[in-house]
Amino acid sequence: MLLRDTSPSIAIIGAGLSGLCMAIKLKENGFSNFTLYEKAEDVGGTWRENTYPGVACDVPSHLYSFSFEPKADWSRVFSPGGEIQEYIQALTDKHGLRPHIRFGAKLTHAEWQDGGWSLGFADGNNARADYFISGMGGLHIPRYPDIPGAEQYKGTAFHTAKWNHEHDLTGKRVAVIGTAASAIQLIPEIVDKVARLDVYQRTPNWIMPRPFMEYSSRMKRLFTRLPLLEKLHRLQIYLMFEMRFPLFRHSRFFASHATKMFTKHLEKQVKSESLRKKMMPDYPIGCKRILASDSFFPAITREHVELITDGIERITETGITSKTGEHREVDTIIYATGFKPWDQMEDITIKGRGGLDMQDYLKDGIRAHRTVAMPGFPNHFMLLGPNSGLGHNSVIIMIEAQVRYILDLMKAARAHGSKTVEARDEAADAYDRQLQTDLEGTVWAGHCKSWYQGEDGRIYTLWPWGTRRYMREMKRANLAEYSLTD
Ligand SMILES: Cc1cc2nc3c(=O)[nH]c(=O)nc-3n(C[C@H](O)[C@H](O)[C@H](O)COP(=O)(O)OP(=O)(O)OC[C@H]3O[C@@H](n4cnc5c(N)ncnc54)[C@H](O)[C@@H]3O)c2cc1C
């Protein structure tokens with residue numbers, strides 16, 4: 001007799017760290033009927049897309065890897081992007097996930113119909129699933145600044161996330177627009193190659209020291225032989241990063257300590273007072289992402305490098321004109337201008353119960369109940385969705401907590417014989433109100449403009465507290481906040 005597989009069908013969108021973590025844990029918990037839909041041709045998400053010179057994680061690798069999938073032989077404290085990508089590919093193979101993945105499948109449409117999700121893809125294919133879990137990530141739609149004339153430029157131009165590996169920068173006159181996370185990794189890597197480098201800075205960043213630290217072969221052997229030692233090392237890093245959190249809630253002690261550290265770092269590496277002045281932030285530390293580099297400031301002090309802070313008036317066929325009217329000809333323009341969080345949702349239509357459009361639901365603010373669910377969208381969950389980003393620690397902690405929480409809900413539905421689980425309106429409203437109140441006490445709610453905030457000023461990206469609180473709150477799902485129906 002053939003036994004019918006009664007486990008619910010689950011569609012996970014995106015094969016980055018979030019989607020893969022969900023898949024691994026579903027499998028471990030006996031939910032074997034799942035498919036990962038990935039628009040690209042490989043796993044990895046962020047770490048597949050970003051291949052610019054110097055790309056690396058700014059969270060130490062032993063913490064920027066799953067707690068259940070440690071890697072004893074990380075080469076450096078802050079490993080390069082390629083090594084993280086290899087880690088992701090290896091864990092995909094180890095957990096036998098490839099047969100579950102459909103590559104080249106870009107979700108364009110999802111609709112709750114007849115007690116399940118109908119999914120439509122750009123290649124014309126369709127699918128049905130009981131659960132629809134989004135691991136689409138927030139940082140992979142490149143943001144290009146709105147600069148007049150950009151389309152007229154006749155040289156080579158590209159974004160750090162779309163690195164042009166065919167284009168040799170040797171001996172070229174290059175402009176880098178932006179001085180944030182990607183730029184400070186990239187600039188020291190290309191500075192020796194180029195003939196001239198113009199760096200366009202809109203806002204200076206708080207940049208902390210970050211020594212280049214490699215793990216010795218002995219250390220890697222010890223981590224391999226003594227897994228507990230690796231775990232303790234991970235815990236040590238976690239506590240060090242977590243300890244910084246009070247800085248984001250206006251701790252004077254931490255702010256003054258961090259400011260002194262930054263000033264010392266800047267003074268040690270940049271002798272020119274006028275250059276130091278240009279690179280001194282005038283907004284509270286932590287308000288934008290705190291960066292770390294030991295090689296960015298020295299690169300900026302090089303003779304053939306110019307830091308331009310006058311603002312860009314326009315881009316011409318041959319170069320860039322700054323607001324002072326000065327025109328600098330360049331062969332290459334590199335946009336290190338970051339990403340548009342949440343914008344991947346713009347070209348996807350998601351319709352919940354009764355045809356409720358997610359864009360309409362989000363008009364009153366980008367939000368999610370417990371950061372993962374939305375009333376009106378049954379059996380739909382998000383990973384690293386609204387308010388689950390961090391300014392001070394590894395998002396892997398958040399992904400693992402969300403996956404545990406979603407599984408807890410799915411297991412509860414299975415135990416109750418319920419086919420649908422949906423966040424209740426009242427619970428979601430109360431949660432959102434509390435979250436917004438909690439965010440008021442953070443530095444991100446200050447006056448500086450950052451990608452943490454939407455156009456409406458609402459902070460929809462970050463969690464307002466430390467990660468221990470998040471893990472505590474997400475340990476078990478409170479079923480009173482959800483309606484479970486047959
Ligand atoms: C340059 C860079 C450096 C970073 N450094 C750090 C760091 O140091 N520390 C840190 O904590 N975080 C860092 N981040 C944030 C990083 O994005 C997260 O840590 C993490 O990789 C997010 O994983 P994810 O799976 O949620 O999303 P992603 O890695 O973005 O993966 C999402 C996947 O979904 C796929 N997808 C999207 N839309 C669709 C669709 N419609 N249909 C099908 N598939 C789709 C994408 O192709 C992608 O593969 C960095 C981000 C960038 C861009």
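Modeller: A residue is buried under 20% relative accessible area, exposed over 50%, and partly exposed in between, using a 1.4 Å probe and protein chains only. This is a predicted model, in which local features need pLDDT of at least 70, side-chain atom pairs count only at pLDDT 80 or more, and totals for chains, interfaces and linings use all residues. Residues are numbered from 1 along each chain as its sequence is written, while side-chain values use heavy atoms and leave out hydrogens and water.

Colleague: Why is threonine 485 called partly exposed?

Modeller: Its relative accessibility is 40%, which lies between the two cut-offs, so threonine 485 counts as partly exposed. Threonine 485 belongs to strand S21 (residues 482-485). Helices (H or I, at least four residues) and strands (E, at least two) are DSSP runs numbered from the N terminus.

Colleague: Which residues does threonine 485 touch?

Modeller: Leaving aside residues up to four places away in sequence, threonine 485 touches Ser418, Lys419 and Thr420. A contact means heavy atoms within 4.5 Å.

Colleague: What makes histidine 100 count as buried?

Modeller: Histidine 100 has 18% relative accessibility; that is under the 20% limit, so histidine 100 is buried. Histidine 100 sits in the loop between helix H3 (81-94) and strand S3 (101-103). The contacts of histidine 100, not counting residues up to four places away in sequence, are Lys27, Ser32, Phe34, Thr35 and Leu36. One of these, serine 32, is 68 residues from histidine 100 in sequence, with 9.4 Å between the C-alpha atoms.

Colleague: How do you know that the length of helix H12 agrees with its number of residues?

Modeller: The expected span is 1.5 Å times one less than the number of residues. For the 16 residues of H12 (residues 425-440) this gives 22 Å, and the end C-alpha atoms are 23 Å apart, so the two agree.

Colleague: Why are the buried residues of H12 said to line one face?

Modeller: In H12 the buried residues are Ala427, Ala428, Tyr431, Asp432, Leu435, Gln436, Asp438 and Leu439. Seen down the helix axis they fall within an arc of 160 degrees, so they line one face. The arc is taken from the directions that run from the helix axis to the C-beta atoms. The face turned away from the buried side carries the exposed residues Glu426, Arg433 and Glu440. The buried residues of H12 pack against helix H13 (467-473).

Colleague: How do you know that the count of disulfides is 0?

Modeller: A disulfide is a pair of cysteine sulfur atoms within 2.5 Å. The nearest cysteine sulfur to that of cysteine 21 belongs to cysteine 57, 16 Å away, so cysteine 21 is in no disulfide. Cysteine 57 is in none either, with the sulfur of cysteine 21 as its nearest at 16 Å. Cysteine 21 is buried at a relative accessible area of 1%, and cysteine 57 is buried at 4%.

Colleague: What makes a set of residues a nonpolar core?

Modeller: The set must hold buried Ala, Val, Leu, Ile, Met, Phe, Trp, Tyr and Cys residues joined through side-chain atoms within 4.5 Å. The largest has 111 residues, and Val176 and Leu197 have the most contacts inside it. Helix H11 (residues 395-416) gives this core the most, with 12 residues.
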